[in-house]
Amino acid sequence: MSKSFGAFSCALLMLSLTAASGAAQDTTELARIRRQVEALTRELESLRLGQDVAPRADSSAYGLGPAAAKVYRVRQGVSIGGYGEVLYENFAVEREDGAASGRRDQIDALRAIVYVGYKFSDQWLFNSELEFEHGSTDQAGSVSVEFAYLDFVPSPHLGVRAGLLLVPMGFINELHEPPVFLGTTRPLTETALIPTTWRENGIGVFGEAGDLSYRAYVVNGLDAIGGGSSNAGGFSAGGLRGGRQKGSRALMERPAVVGRIDYTPGGALRGLLVGGSAYYGESGQGAADGGTGEEIDAATAILEAHAQYRAHGLDVRGLFAHGKVTDAAQVNAARSLAGSSSVGSELRGWYVQGGYDVLRPFDFTHELMPYIRYEKLDTQLEVPAGFTANPANDRNVIAIGAQWKPFTNIALKADYQIHSN
């Protein structure tokens, strides 16, 4: 059992609307004017509806959160945004079995993010995220490039993106700005099974067509064995997170593919988002079986489905994910894993959560949203023959808390979490 509360976060969002010269009539200029008119229409509709309906179900643009997408909203030139996150955790002194937990309370300058972008024209832009974790690299901290990519967007229906990309799966991996999601900490399913924050080098396409949006990339895949040039840790009994190569000298013996589609209708269903994503790649990355000398495929597939509704003071979200890893026994041998330390050949996780803004009926500008989340994750749903599953990896989490937003992009959160296995 553990308690976690006191997360603070702030994200910046800017929307720039400009008027085009009446003399410019070429196709590119008309397309730019059309996009700006659509943005202005959405803004006016949001003002007219007030708090009854959220502007978008996920507050994103082209798969990014409000602050990360700031560069898309400026006319031209440099764009700078960011957010900060501080977390205080007060842990239970005993585990459920009565043994001492061994955990001591802590407070952490968890993240400080800087978004830097440059818009060359309506069709070309660069966007990046620099992350500083845990306050200082002299102690437990680190500095990473979370994404850095170039976009070519000739049309809202089709764009090309290349560089260090966020893998478009689930909610949190792309929309990880704290004001966008409920909870002081990220769900386990979107940490261990969908290994947030998950970024890899690649190229792909994205776009929108009416109420549908999509992203499809080819990227360097996960590294199941680890120890290669990227220094990835490899898969473990706890999930796939250690297989991230983070774009750092990443092995790419076998590229991976990932795709996503979302449906966000308007009208009476405005505020709804329904979608899914799929990932497939061979994660052996050229490693050979020590006994046979054959290449280890470690084909890794992840499927996930998600839905969200944010309107009329409600914030309801659900996600289901399932993963499979072939050659798990060979991965175990290559990583010297035995017994209950086996990599899961199948993994499954899901959660549902909901909150309601109790201040909405009183027409306050602030938001106060009590929420609850139930989650179940098993990273060893199945293990290969000759190995056993550790019951500690079959986990349930109940989180009960509240979020206060004095402004849209400032969130103060507190919750009580009960972890069971």
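How many bridges join E12 to strand E13, and in which sense do the two strands run?

**Conventions.** This is a predicted model in which local features need pLDDT of at least 70 and side-chain atom pairs count only at pLDDT 80 or more, while totals for chains, interfaces and linings use all residues. Residues are numbered from 1 along each chain as its sequence is written, and side-chain values use heavy atoms, with hydrogens and water left out.

**Exercise 1. Describe the pairing of E12 with its partner strands.**

Step 1. Strands (E, at least two residues) and helices (H or I, at least four) are DSSP runs, numbered from the N terminus. Two strands pair if DSSP finds at least two bridges between them.

Step 2. To settle the opening question, E12 and strand E13 (residues 346-356) run antiparallel and are joined by 11 bridges. Within this pairing, Gln-353 in E13 stands opposite Arg-317.

Step 3. E12 also pairs with E11, in the antiparallel sense and over 12 bridges. Here Gly-323 in E12 is the bridge partner of Ile-302.

Step 4. The hairpin of E11 and E12 has two residues between the strands, and His-312 takes a positive phi near 55 degrees in it.

**Exercise 2. Locate the further backbone exceptions, and state the exposure of the residues with positive phi.**

Step 1. Most residues other than glycine have a negative phi, and most peptide bonds are trans.

Step 2. Gln-285, which is not a glycine, has a positive phi near 50 degrees. Its place is the loop between strand E10 (272-282) and strand E11 (299-311). Gln-285 counts as buried because its relative accessibility is 6%; buried means under 20% relative accessible area, exposed over 50%, and partly exposed in between (1.4 Å probe, protein chains only).

Step 3. Asp-327 likewise has a positive phi, of about 55 degrees, without being a glycine. Asp-327 is found in the loop between strand E12 (314-325) and H3. Its relative accessible area is 27%, so Asp-327 is partly exposed.

Step 4. Thr-196 and Thr-197 are joined by a cis peptide bond with omega about -10 degrees. Thr-197 belongs to the loop between helix H2 (189-193) and strand E7 (199-209).

**Exercise 3. Place Ala-334 in the fold.**

Step 1. Ala-334 is part of helix H3 (residues 328-334). With a relative accessibility of 39%, Ala-334 therefore counts as partly exposed.

Step 2. Leaving aside residues up to four places away in sequence, Ala-334 touches Ile-225 and Ile-296; contact means heavy atoms within 4.5 Å.

Step 3. Gly-226 is 108 residues from Ala-334 in sequence, yet the C-alpha to C-alpha distance is 9.4 Å.

Step 4. For the chain, residues 24 or more positions apart account for 64% of the contacts with a separation of 6 or more.

**Exercise 4. Summarise the whole chain.**

Step 1. Three helices and 16 strands are present in the chain.

Step 2. Of the 421 residues in the chain, 46% are buried.

Step 3. The chain has an accessible surface of about 18,500 Å², and 59% of this belongs to carbon and sulfur atoms. Accessible areas come from the Shrake-Rupley method with a 1.4 Å probe; for residues, only the protein chains shown count as cover.
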